[in-house]
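Visitor: I would like to learn how to read the features of a protein model that comes with bound ligands. Could you take me through them one at a time?

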Amino acid sequence: MSVYAINHPLVQHKLGLMREVDLSTKSFRELAGEVAKLLTYEATKGLELEDHEIQGWNGEPIATRRLKGKKVTVVPILRAGLGMLEGVTDLIPSARVSVVGLYRDEETLQPVPYFAKFANDIEERMAIVIDPMLATGGSMVATLDMLRERGCEHMKVIVLVAAPEGIKRVQDAYPDIEIYTASIDDRLDENGYIVPGLGDAGDKIFGTR
Ligand SMILES: O=P(O)(O)OC[C@H]1O[C@H](OP(=O)(O)OP(=O)(O)O)[C@H](O)[C@@H]1O
Ligand SMILES: O=c1cc[nH]c(=O)[nH]1
Ligand SMILES: [Mg+2]
């Protein structure tokens, strides 16, 4: 498995802003979308192109290239993953959206599923799973398991912040998956929150803190 921590200055600047304790819901939400978009740019750098001839401005043919048509489904993990969705679909407007609802039990830290709705032909699509936080990795692995059970072979992960524990958990279960993140943070605290982290990303995006 490959983990890509994106050090682009815009990513690092925006992630730094997100860590500020007093940041408004509006700003947190906007930044989550912006960082998601920048990470999507990185995560799609391996997409295949094909030659495509078009008619240019003066009627002469021009050799161009276009995406080879690998079908994509973006998979936000509810709730917090929704805060990244628009940033991703801005760059991949034809992507179908599959939705997985999971929350993490506060005591056991185990993921509790409550919703799933997948795109048609999911087995033919590359799935890009999005969630701001990869903490213990339980929610992410549960989502990847659901996709794999439905025949999805090609999966990538985009998270804003990852804990080493979560990366290892995903790596152990899915050795071939690529993870794109703005930061690999230090550790989990005694409640399973990422440190330094962002706090509760879902609450911040939805204004429920
Ligand atoms: O890696 P894990 O230990 O599983 O933790 C990460 C999960 O926890 C958060 O969701 P949460 O359960 O708070 O739900 P929410 O998005 O509805 O707030 C986060 O958005 C991830 O889905
Ligand atoms: O740090 C964390 C861990 C889980 N969920 C969050 O929203 N933040
Ligand atoms: Mg939450």
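Guide: Let us begin with pockets: a pocket is an open set of grid points with protein on both sides within 12 Å along at least five of seven lines, and a molecule sits in one if more than half of its atoms lie within 2 Å of its grid points. In this structure, which is a predicted model, the space taken by ligand 2 is the largest pocket, and ligand 1 sits in the largest pocket as well.

Visitor: Which residues are around ligand 2?

Guide: A residue is taken as near a molecule if one of its heavy atoms lies within 4 Å of it. By that reading, the surroundings of ligand 2 consist of Arg104, Met133, Ala135, Gly192, Tyr193, Ile194, Gly199, Asp200 and Ala201, and this shell divides into five nonpolar, two polar and two charged residues.

Visitor: Which polar backbone atom is 2.8 Å from a nitrogen atom of ligand 2, and what do the oxygen atoms of the ligand meet?

Guide: For polar contacts one looks for pairs of N or O atoms within 3.5 Å. The nitrogen atom of ligand 2 is 2.8 Å from a polar backbone atom of glycine 199, while an oxygen atom of the ligand is 2.8 Å from a polar backbone atom of isoleucine 194, and a backbone N or O atom of alanine 201 lies 2.9 Å from an oxygen atom of ligand 2. On its own, ligand 2 has 230 Å² of accessible area, of which the protein covers 88%.

Visitor: Which residues come nearest to ligand 1, and which elements supply its shell?

Guide: There are 15 residues around ligand 1, and Arg104, Asp131, Thr136, Gly137 and Ser139 come nearest. Strand S6 (99–104), strand S8 (126–134) and helix H4 (138–149) each supply at least two residues of this shell, with the largest share, three residues, coming from S8. By residue class, the shell around ligand 1 divides into six nonpolar, five polar and four charged.

Visitor: What polar side-chain atoms lie by the oxygen atoms of ligand 1?

Guide: A polar side-chain atom of threonine 136 lies 2.5 Å from an oxygen atom of ligand 1, and an N or O atom in the side chain of serine 139 is 2.6 Å from an oxygen atom of the ligand. The backbone takes part too, since a polar backbone atom of alanine 80 is 2.9 Å from an oxygen atom of ligand 1. Taken alone, ligand 1 exposes 500 Å², and the protein buries 91% of that.

Visitor: What should I look for in the backbone?

Guide: Most peptide bonds are trans, and most residues other than glycine have a negative phi. Here, a cis peptide bond joins leucine 78 and arginine 79, with omega about -10 degrees, and arginine 79 lies in the loop between strand S4 (72–78) and helix H3 (82–91). Another cis peptide bond joins valine 195 and proline 196, with omega about 0 degrees, and proline 196 is found in the loop between strand S12 (194–195) and helix H6 (201–206). As for phi, leucine 109 has a positive value near 65 degrees and lies in the loop between S6 and strand S7 (111–117), whereas aspartate 121, with a positive phi of about 55 degrees, lies in the loop between S7 and S8.

Visitor: How many aromatic pairs are there, and how is one classified?

Guide: Rings pair if their centres lie within 6.5 Å, and planes under 30 degrees apart count as stacked; the count comes to two aromatic pairs. In one of them, the rings of tyrosine 4 and tyrosine 180 have centres 4.7 Å apart and planes at 15 degrees, so this pair is stacked. Because tyrosine 4 lies in strand S1 (residues 2–5) and tyrosine 180 in strand S10 (residues 178–184), the pair ties together parts that are 176 residues apart in sequence.

Note on methods: Residues are numbered from 1 along each chain as its sequence is written. Chains are lettered from A and ligands numbered from 1 in the order in which they are written. This is a predicted model: local features need pLDDT of at least 70, side-chain atom pairs count only at pLDDT 80 or more; totals for chains, interfaces and linings use all residues. Side-chain values use heavy atoms; hydrogens and water are left out. A polar contact is a pair of N or O atoms within 3.5 Å; within protein, one must be able to donate a hydrogen and the other to accept it, and residues adjacent in sequence count only if both atoms are side-chain atoms. Accessible areas come from the Shrake-Rupley method with a 1.4 Å probe; for residues, only the protein chains shown count as cover. On a 1 Å grid over the protein atoms alone, a cavity is a set of points where a 1.4 Å probe fits but cannot get out, and a pocket is an open set with protein on both sides within 12 Å along at least five of seven lines; lining residues have an atom within 4 Å of a point. Ala, Val, Leu, Ile, Met, Phe, Trp, Tyr, Cys and Pro count as nonpolar, Asp, Glu, Lys and Arg as charged, and the others, Gly among them, as polar. Rings of Phe, Tyr and Trp (its six-membered ring) pair if their centres lie within 6.5 Å; planes under 30 degrees apart count as stacked, over 60 as edge-to-face and the rest as tilted. Helices (H or I, at least four residues) and strands (E, at least two) are DSSP runs, numbered from the N terminus.
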